[in-house]
Amino acid sequence: MLALPRVMGHRGAAALAPENTLASIRRAAATGVSWVEFDVMLTSDSVPILFHDDKLERTTGRKGLMAETPCAVVCTLEAGAWFGAEFAGEPVPTLEAALALVRELGLRANVEIKPTPGRERETAAAVVEVVERCWPAAAPPPLISSFKRDCLAVVQDRAPALPRGLLALRLPRDWISAARALECSTLHVAGRWLTAKRVARIKAAGYGLATFTINDVTQARKLLDWGVECIITDSPDVMVSALS
Ligand code: G3P
Ligand code: MG
């Protein structure tokens, strides 16, 4: 069974630095967390990069869709200035660069596959290719999570040894059969949907349980009391000092 950390940085450390950037991963490491989550999607020319939205605008100021923009353009976009002047010049990183930094910092990664519509299988295949090429076989592997079952099925098929986590805002009726069929180790469920009873049911089924996105210490304590293992948070600094 994969051991989840008590606290995991969300999109790096999204409250402390521009989300899904190398600066955000560095800030997360500086708080003392041992794991970071980040989102991965494809550029138009199929390069896996760290990004959350289908549209470019919120974090880069540029109009357009990620799925229609090539890596040569995406990787020159300004992805830090929106968050704060000290982050000006921060680029959209490739998955390859992010994994290299994660290794350098001695972190573990939760790679969330976040495909743009219709590119589920292609995105998962590209993530597997980069992980297999760049991540040392002897190092503890990244945890691969996704809301999209098609993504997890591709990972299961091509790289069965990579641990998988099924993401959900609320668990669907068939969650146990889906998690079993995909041979998942973990479930990652929105904190607002969880109750003591639901947590107990998930734990009784034998899954590790992570919850997102929890930025309130009182809520985090309650979730941990119920049996949740991992709090995914934008503010790992606050959670690490409150919960360690
Ligand atoms: O992986 C947990 C969380 O990141 C899922 O939601 O939209 O922030 O990627 P989102
Ligand atoms: Mg995410």
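Helices, taken as H or I runs of at least four residues, and strands, taken as E runs of at least two, are DSSP runs numbered from the N terminus. In this predicted model, E183 is accordingly placed in the loop between helix 7 (175-181) and strand 7 (186-190). The phi of E183 is near 50 degrees, a positive value in a residue other than glycine. Most residues other than glycine have a negative phi. R11 also departs from that pattern, with a positive phi of about 55 degrees although R11 is not a glycine. The place of R11 is in the loop between strand 1 (7-9) and helix 1 (22-31), and R11 counts as buried because its relative accessibility is 15%, under the 20% that marks the limit for buried residues.

R11 leads on to ligand 1, since an N or O atom in the side chain of R11 lies 2.8 Å from an oxygen atom of that ligand. The side chain of K114 likewise places an N or O atom 2.8 Å from an oxygen atom of ligand 1, while a polar side-chain atom of E37 lies 2.6 Å from an oxygen atom of the ligand. Taken alone, ligand 1 exposes 290 Å², and the protein buries 91% of that area. The surrounding residues are H10, R11, E37, D39, H52, E112, K114, F147, L167 and F212, and this shell divides into 3 nonpolar, 2 polar and 5 charged residues.

Among the residues around ligand 1 are E37, D39 and E112, and these also take part in a metal site: the magnesium ion (ligand 2) is coordinated by E37 (OE), D39 (OD) and E112 (OE), at 2.0 to 2.1 Å. Along the chain, the donors of this magnesium ion follow the spacing E-x1-D-x72-E. The pair of D39 and E112 links distant parts of the chain, with D39 in strand 2 (residues 35-42) and E112 in strand 4 (residues 108-113), 73 residues apart. How accessible are D39 and E112? D39 counts as buried because its relative accessibility is 1%, and E112 counts as buried because its relative accessibility is 4%; for both, the relevant cut-off is 20%.

The aromatic side chains form a further part of the picture, and a search of the whole structure finds 4 aromatic pairs. One of these joins W82 and F83 in an edge-to-face arrangement, with 5.5 Å centre to centre and 85 degrees between the planes. W82 counts as partly exposed because its relative accessibility is 38%, and F83 counts as partly exposed because its relative accessibility is 29%. Ring pairs also bring F87 into the arrangement, linking W82, F83 and F87 into a cluster.

Another pair returns the reader to ligand 1, since F147 and F212 both belong to the residues that surround it. Their rings are edge-to-face, 6.2 Å centre to centre, with 85 degrees between the planes. This pair links distant parts of the chain, for F147 is in the loop between strand 5 (143-146) and helix 6 (149-158), whereas F212 is in strand 8 (residues 208-212), 65 residues apart from F147. Is each of these two rings buried or partly exposed? F147 is partly exposed, because its relative accessible area is 33%, whereas F212 counts as buried because its relative accessibility is 14%.

Terms used
Residues are numbered from 1 along each chain as its sequence is written. Chains are lettered from A and ligands numbered from 1 in the order in which they are written. This is a predicted model: local features need pLDDT of at least 70, side-chain atom pairs count only at pLDDT 80 or more; totals for chains, interfaces and linings use all residues. Side-chain values use heavy atoms; hydrogens and water are left out. Donors are N, O and S atoms within 2.8 Å of the metal (3.2 Å for Na, K and Ca); water is not among the atoms, so sites may look incomplete. Buried means under 20% relative accessible area, exposed over 50%, partly exposed in between (1.4 Å probe, protein chains only). A residue is near a molecule or strand if one of its heavy atoms lies within 4 Å of it. A polar contact is a pair of N or O atoms within 3.5 Å; within protein, one must be able to donate a hydrogen and the other to accept it, and residues adjacent in sequence count only if both atoms are side-chain atoms. Accessible areas come from the Shrake-Rupley method with a 1.4 Å probe; for residues, only the protein chains shown count as cover. Ala, Val, Leu, Ile, Met, Phe, Trp, Tyr, Cys and Pro count as nonpolar, Asp, Glu, Lys and Arg as charged, and the others, Gly among them, as polar. Rings of Phe, Tyr and Trp (its six-membered ring) pair if their centres lie within 6.5 Å; planes under 30 degrees apart count as stacked, over 60 as edge-to-face and the rest as tilted.
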